[in-house]
Amino acid sequence: MQGRELVGRNIRRIRVDQNISQERLAFDSGVDRSYLGGIERGEENPTVDVLDRIAGILAIEIRELFESVDDIEISSGLPRGRKKSD
């Protein structure tokens, strides 16, 4: 597995486990949602600063983004779509 794919899978796994939407994580970490999606798909090559901000929002050590996920099943994710406004 390539490094970008490994980091992206870990971000997605941890984000979904914490029930955080991609949009919320992107906003809170100061990156565009489509860029975060690209990171999670292994298409983007984020800087250490971006990974540090994402790790901070997820309340994890940055090293956890580089741990092997070969045996870990990744959830299908959160429900699609935005929350309805009142």
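# A tour from the salt bridges to the core

Begin by selecting R24 and D28, which form a salt bridge whose closest N and O atoms are 3.0 Å apart. The model you are looking at is predicted, and every distance given on this tour is computed from its atoms. Both residues of this pair belong to helix 2, which covers residues 22-29, and they sit four residues apart, about one turn of the helix. If you colour the model by accessibility, R24 should appear as partly exposed, at a relative accessible area of 44%, and D28 is likewise partly exposed, at 35%.

How many salt bridges does the model have in total? The count comes to four, and two others among them are the next places to visit.

Select R41 together with E43, whose side chains meet in a salt bridge with an N to O distance of 3.2 Å. Here R41 counts as exposed because its relative accessibility is 53% and the cut-off for that word is over 50%. Its partner E43 is exposed too, with a relative accessible area of 52%.

Now move along the chain to R63 and E67, where another salt bridge joins the two side chains at 3.9 Å, N to O. In this pair R63 is exposed, at 54%, whereas E67 is partly exposed, at 38%.

Before leaving the neighbourhood of R41 and E43, select G42 as well, which is placed in the loop between helix 3 and helix 4. Is G42 buried or exposed? With a relative accessible area of 18%, G42 is buried, because buried means under 20%. To see what lies around this glycine, show R4 and E5, both of which G42 touches when residues up to four places away in sequence are not counted. You can also draw a line from the C-alpha atom of G42 to that of G3, and although these two residues are 39 apart along the chain, the line will span 8.2 Å.

The next part of the tour goes to the nonpolar core. In soluble globular proteins, nonpolar side chains tend to be buried together. The largest nonpolar core of this model holds 16 residues, and those that touch the most other members are I11, L25, L36, I54, L58, I60 and L65. Select these seven residues and then look at which elements carry the core as a whole: helix 1 (3-17), helix 2, helix 3 (33-40) and helix 4 (48-58) each give two or more residues to it. Helix 4 supplies the largest share, which is five residues.

From this group, pick out I11, which lies in helix 1 and counts as buried at 0% relative accessibility. Which residues is I11 in contact with, once its neighbours within four places in sequence are left aside? They are L25, L36, I39, E40, L51, I54, L58 and L65, so it is worth showing these side chains one after another around I11. For L25 in particular, you can check the separation of the C-alpha atoms, which is 9.9 Å for a pair that lies 14 residues apart along the chain.

Another member of the core to select is I60, and, not counting residues up to four places away in sequence, I60 touches I14, Q18, A55 and L65.

Turn next to S29, a residue of helix 2. S29 counts as buried, with a relative accessibility of 4%. Leaving aside neighbours within four places in sequence, S29 is in contact with R53, I54 and I57, and I54 among these is one you have already selected as a core residue.

The last stop concerns the backbone, and it helps to know that most residues other than glycine have a negative phi. Where in the chain is N19, which has a positive phi of about 60 degrees although it is not a glycine? N19 is placed in the loop between helix 1 and helix 2, and with a relative accessible area of 59% this asparagine is exposed. Finally, select A59, whose phi is also positive, near 60 degrees, in a residue other than glycine. A59 lies in the segment after helix 4 and is exposed, with a relative accessible area of 69%.

Notes. Residues are numbered from 1 along each chain as its sequence is written. This is a predicted model: local features need pLDDT of at least 70, side-chain atom pairs count only at pLDDT 80 or more; totals for chains, interfaces and linings use all residues. Side-chain values use heavy atoms; hydrogens and water are left out. Buried means under 20% relative accessible area, exposed over 50%, partly exposed in between (1.4 Å probe, protein chains only). A nonpolar core is a set of buried Ala, Val, Leu, Ile, Met, Phe, Trp, Tyr and Cys residues joined through side-chain atoms within 4.5 Å. Contact means heavy atoms within 4.5 Å.
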